[in-house]
Number of protein chains: 4
Amino acid sequence: MSRSGVTTIRVRYEETDQGGIAHHSRHVVWFETARTEWLREMGKPYLELEQQGVRLLVSEVSVKYHFPAFYDDLLAIETRLLSARGARLQLGYTVTSPRGELVCTGNTTLACIDKERGRARRLPDFFLEGDSPLVKSSPE
Amino acid sequence: MSRSGVTTIRVRYEETDQGGIAHHSRHVVWFETARTEWLREMGKPYLELEQQGVRLLVSEVSVKYHFPAFYDDLLAIETRLLSARGARLQLGYTVTSPRGELVCTGNTTLACIDKERGRARRLPDFFLEGDSPLVKSSPE
Amino acid sequence: MSRSGVTTIRVRYEETDQGGIAHHSRHVVWFETARTEWLREMGKPYLELEQQGVRLLVSEVSVKYHFPAFYDDLLAIETRLLSARGARLQLGYTVTSPRGELVCTGNTTLACIDKERGRARRLPDFFLEGDSPLVKSSPE
Amino acid sequence: MSRSGVTTIRVRYEETDQGGIAHHSRHVVWFETARTEWLREMGKPYLELEQQGVRLLVSEVSVKYHFPAFYDDLLAIETRLLSARGARLQLGYTVTSPRGELVCTGNTTLACIDKERGRARRLPDFFLEGDSPLVKSSPE
């Protein structure tokens with residue numbers, strides 16, 4: 001199981017604004033796409049988690065914007081596991097432009113929720129199991 | 001019961017693109033907001049319809065763009081009932097800029113769906129009742 | 001030069017709505033992404049067209065929705081050239097789900113605009129040249 | 001000149017996701033709408049600032065989500081000035097549901113940019129002038 005993964009995203013015309021750059025709200029959406037792909041690579045598509053009654057709800061997000069992303073840029077987004085404890089998962093993201101610029105860094109805290117009851121629940125063993133590097137992980 | 005209604009929408013910065021105008025996909029979203037407000041004015045908020053097990057699903061949409069909408073424009077959107085028959089509702093929209101320009105015209109066809117069964121069902125009587133102007137209406 | 005091309009798009013969680021399906025406005029955005037990829041495959045990235053002072057502005061769009069697209073679906077979108085004449089380009093789209101369902105069909109009419117002057121201009125020769133299949137093409 | 005202001009936003013159907021709540025990226029967009037309205041109330045529409053060659057670029061955003069926002073909720077968004085110094089503006093936001101729930105709190109840092117040169121510049125006097133409460137303000 002990999003503690004980090006990289007996915008690529010192409011900036012859509014619709015994602016730009018009249019300032020000529022990708023709108024700052026899109027980075028939050030890209031983080032979501034990046035963690036979706038990270039989960040898929042780990043063999044646990046988010047779709048399956050939801051079908052098994054688990055939801056990962058964003059409880060905190062922060063982004064620092066360093067350099068604009070432009071239309072048609074093929075961005076590389078790295079997702080890193082920062083911590084997984086109890087009902088809480090913390091992930092970090094780094095977005096890099098095709099020109100090698102650091103576009104932004106960010107973090108999300110995700111709360112693991114039981115879909116039926118709408119209440120916090122322990123993360124699936126998958127995230128927490130003893131022989132997993134996740135247990136030893138700690139936030140940056 | 002009113003066969004048409006007007007609502008206003010302020011163009012958000014996020015809705016613009018690097019061409020300096022509102023992105024053409026937003027007009028489809030504005031139509032949705034406009035019909036939501038039209039239903040509310042008629043005393044039938046869409047939220048209530050969904051709570052009563054009815055969904056109005058878009059089965060067709062068309063838009064003709066005449067003039068760009070710009071950031072911060074306070075647009076007037078007129079929603080008109082074109083027809084209501086069986087499980088099918090047709091609405092027309094006209095979007096006008098604060099400068100009086102015709103921004104776009106459009107149509108949507110909505111299919112009335114039973115939420116539980118996921119199948120087409122008759123529109124609520126509200127749309128079809130005998131003393132309603134809706135019965136006499138016809139598509140443009 | 002190819003008159004049609006296929007690209008794939010993964011439905012984002014953000015693109016779903018509380019009805020449990022991809023929101024109908026997203027299909028219009030996917031058409032844009034599909035034609036962007038089609039232009040790239042043909043060796044004419046839209047970014048280059050804009051840098052050369054040409055903009056393709058959507059003047060009409062229509063969509064018929066046949067089957068919902070769901071979260072995480074890897075959709076296939078076919079873009080077909082319907083016609084290219086003067087300042088006007090017509091494209092058709094067919095979106096198919098990974099289950100083989102026809103999600104939607106649609107058309108866009110694009111107006112070729114001189115960016116500086118903001119006025120209609122002839123499509124670049126690329127779209128119109130004599131030995132191109134485009135010249136013989138006609139709208140559906 | 002008011003250091004804080006409240007605006008309302010109606011949650012659009014398009015803004016919900018299949019989890020049945022407003023998608024967490026939308027809160028970032030609502031912050032933008034809220035500060036746009038706050039600037040308008042203060043007599044300095046953002047549109048005017050851009051026309052005068054000034055851009056306010058988001059350099060940091062953070063959100064803590066406390067309670068979901070639902071379709072059709074009429075949310076109250078309070079914008080508060082946290083600090084205005086040199087080229088940097090910090091704003092805080094509190095989003096409240098019509099049921100009185102605290103939906104989220106957040107902050108944005110905005111960098112004042114000279115549009116022509118694309119470089120940081122001093123905030124307009126409007127934000128900094130001596131008899132303004134802004135000068136005495138400090139970050140939370």
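**View 1. Two serines face each other where chains A and D meet.** A:Ser62 sits across from D:Ser62 in strand E2 of chain D. This is a predicted model, so take the close-ups as a look at a prediction. The two strands, E2(A) and E2(D), run antiparallel and pair over 5 bridges. Now for the symmetry of this pair: lay chain A on chain D and you get an RMSD of 0.0 Å, using a turn of 180° and a shift of 0.0 Å along the axis. Which residue of chain A has its C-alpha nearest the axis? It's A:Ser62 again, at 2.0 Å from the axis.

**View 2. Here is the wider contact between chains A and D.** Chain A puts 14 residues into this contact, and 14 residues of chain D meet them. Two elements of chain A give two or more residues each to the side touching chain D: helix H1 (26-41) and E2. E2(A) supplies the largest share of that side, with 9 residues. Sort the residues on the chain A side by class and you find 6 nonpolar, 5 polar and 3 charged. Both copies use the same surface here, since 100% of the contact residues of chain A turn up again in chain D.

**View 3. Chain C meets chain A in another contact.** How many residues does each chain bring? Chain C gives 11 residues and chain A gives 11 residues. On the chain C side, helix H1 (residues 26-41) makes the largest share, with 4 residues. That side of chain C splits into 5 nonpolar, 2 polar and 4 charged residues. Of the interface residues of chain C, 100% are interface residues in chain A too, so the copies meet through the same surface.

**View 4. An axis relates chains C and A.** A turn of 180° with a shift of 0.0 Å along the axis lays chain C on chain A, and the RMSD is 0.0 Å. What kind of axis has that relation? A two-fold axis does. Within chain C, look for C:Ile9: its C-alpha is the one nearest the axis, 5.5 Å from it.

**View 5. A:Asp72 and D:Asp72 have positive phi values.** A:Asp72 isn't a glycine, yet its phi is positive, near 75°. You'll find A:Asp72 in the loop between strand E2 (54-65) and strand E3 (74-85) of chain A. Is A:Asp72 buried or exposed? Partly exposed, in fact, because 18 other C-beta atoms lie within 10 Å, and a residue would need 20 or more to count as buried. Over in chain D, D:Asp72 also has a positive phi, about 75°, without being a glycine. D:Asp72 lies in the loop between E2 (54-65) and E3 (74-85) of chain D, and with 18 C-beta neighbours inside 10 Å it counts as partly exposed.

**View 6. Leu89 appears in the largest nonpolar core.** This core has 68 residues, and A:Leu89 and D:Leu89 are the ones with the most contacts inside it. Leaving out residues up to four places away in sequence, A:Leu89 touches A:Leu56, A:Ala84, A:Leu110, A:Cys112, A:Leu123 and A:Phe127. Another core lies apart from this one; it has 67 residues, including B:Leu91, B:Leu110, C:Val61 and C:Cys104.

**View 7. How confident is the prediction?** Chain A has an average pLDDT of 91, and 90% of its residues score at least 70. Residues 135-140 of chain A are another story: pLDDT is below 50 there, and the stretch has 13 contacts in the model beyond near neighbours in sequence. For the model, ipTM is 0.91 and pTM is 0.93.

Conventions
Residues are numbered from 1 along each chain as its sequence is written. Chains are lettered from A and ligands numbered from 1 in the order in which they are written. This is a predicted model: local features need pLDDT of at least 70, side-chain atom pairs count only at pLDDT 80 or more; totals for chains, interfaces and linings use all residues. pLDDT is the predictor's confidence in each residue, from 0 to 100. Two residues are in contact if their C-beta atoms, placed from the backbone, lie within 7 Å. Ala, Val, Leu, Ile, Met, Phe, Trp, Tyr, Cys and Pro count as nonpolar, Asp, Glu, Lys and Arg as charged, and the others, Gly among them, as polar. Copies are superposed by least squares on the C-alpha atoms of residues with pLDDT of at least 70 in both. A residue is buried if 20 or more other C-beta atoms lie within 10 Å of its own, exposed if 12 or fewer, and partly exposed in between; C-beta atoms are placed from the backbone. A nonpolar core is a set of buried Ala, Val, Leu, Ile, Met, Phe, Trp, Tyr and Cys residues joined through C-beta atoms within 7 Å. Two strands pair if DSSP finds at least two bridges between them.
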